[in-house]
Amino acid sequence: MNRALIVIDVQESFRAGGQWETLSDPKITDRVDRLLRIARRAGDLVVWVLHSEPGSGGVFDPALGHVRVLDELRREEGEPLIHKTAHNAFTTTNLQQLLTERGIRELTVCGIRTEQCVETTARLASDLGYGVTFVIDATATNPIPHRDAPAGLTATELLADPRTLSAQEIIRRTEYALAGRFATIATLAELEAAADTEA
């Protein structure tokens, strides 16, 4: 097949970072697992991408042990695992080389965070000439505080601030920004239905 599923930053760092309770979909692993089943059944390549900030001392510092796939998910033998240090999955990795060597031209993307690493990967992939399917409900994100909000807000304070951009609004805006420009927007149910038709 010439398709790959790119699983972006579905990693324990987010659970360890103290914002898991505000994540738009705390059961994101269930949805990613369903996508994994579709991809593996079709013979598509599955590529795992993890965000890493070596030496930072934070939850993305690999020395602390959180830079690993969320425990509920299973990476199968032969599925590449790459570590990035930029928002998108291309510029600090060998992802493009890996895809080129395998003749892959179509990408399905999912992961955490919708508007950050997943969206930037989709945008760059499109500019590189890949066909991109953005599985909108197999992504998750957190509310974003207003630029003037004080640092270190608790989850309660963040959600109480009327200037906070909700996770649902972020996902909606991402869908509008990508659709017809950088990616085809799809839902998990749509992909499952298509996979059943192809089977």
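**Ring contacts, overall fold and the setting of Thr139**

In this predicted model, the charged end of Arg105 is placed over the ring of Tyr130, at 4.4 Å from the ring centre. A second arginine is arranged over an aromatic face: Arg15 lies over Trp20, and the distance to the ring centre is 5.2 Å.

Aromatic rings also meet one another, and two aromatic pairs were counted. In one of them, Phe14 and Phe60, the ring centres are 5.3 Å apart and the planes stand at 80°; an angle over 60 degrees counts as edge-to-face, so the pair falls in that class. Phe14 belongs to helix H1 (residues 12-16), whereas Phe60 is in the loop between strand S2 (45-51) and strand S3 (81-84); the pair therefore ties together parts that are 46 residues apart in sequence. Phe14 and Phe60 are both buried.

The protein as a whole contains seven helices and six strands. Read from the N terminus, the order of these elements is β-α-α-β-β-α-β-α-β-α-α-β-α. The radius of gyration is 17 Å, which agrees with the value near 16 Å for a compact globule of 199 residues. Along the principal axes, the C-alpha atoms fill a box of roughly 50 × 35 × 30 Å. Of the 199 residues, 46% are buried. The exposed surface of the protein comes to about 9800 Å², and 49% of this area is supplied by carbon and sulfur atoms. When contacts between residues at least 6 apart in sequence are considered, 75% of them join residues at least 24 apart.

Thr139 was examined as a single position. This residue is located in strand S5 (residues 131-140). The relative accessible area of Thr139 is 3%; the limit for a buried residue is under 20%, so Thr139 counts as buried. Two polar contacts involve the side chain of Thr139. One, of 2.8 Å, joins the side chain of Thr139 to that of Thr114. In the other, a polar atom of the Thr139 side chain lies 2.9 Å from the backbone oxygen of Ile136. With residues up to four places away in sequence left out, Thr139 touches Ser24, Ile28, Cys110, Gly111, Thr114, Val118 and Phe134. Thr114 thus appears both among the residues touched by Thr139 and as the partner in the side-chain polar contact.

Terms used. Residues are numbered from 1 along each chain as its sequence is written. This is a predicted model: local features need pLDDT of at least 70, side-chain atom pairs count only at pLDDT 80 or more; totals for chains, interfaces and linings use all residues. Side-chain values use heavy atoms; hydrogens and water are left out. Rings of Phe, Tyr and Trp (its six-membered ring) pair if their centres lie within 6.5 Å; planes under 30 degrees apart count as stacked, over 60 as edge-to-face and the rest as tilted. Helices (H or I, at least four residues) and strands (E, at least two) are DSSP runs, numbered from the N terminus. Buried means under 20% relative accessible area, exposed over 50%, partly exposed in between (1.4 Å probe, protein chains only). A charge sits over a ring if NZ of Lys or CZ of Arg is within 6 Å of the ring centre and within 35 degrees of the ring normal. The radius of gyration is taken over C-alpha atoms; the globule rule is 2.2 Å times the number of residues to the power 0.38. Contact means heavy atoms within 4.5 Å. Accessible areas come from the Shrake-Rupley method with a 1.4 Å probe; for residues, only the protein chains shown count as cover. A polar contact is a pair of N or O atoms within 3.5 Å; within protein, one must be able to donate a hydrogen and the other to accept it, and residues adjacent in sequence count only if both atoms are side-chain atoms.
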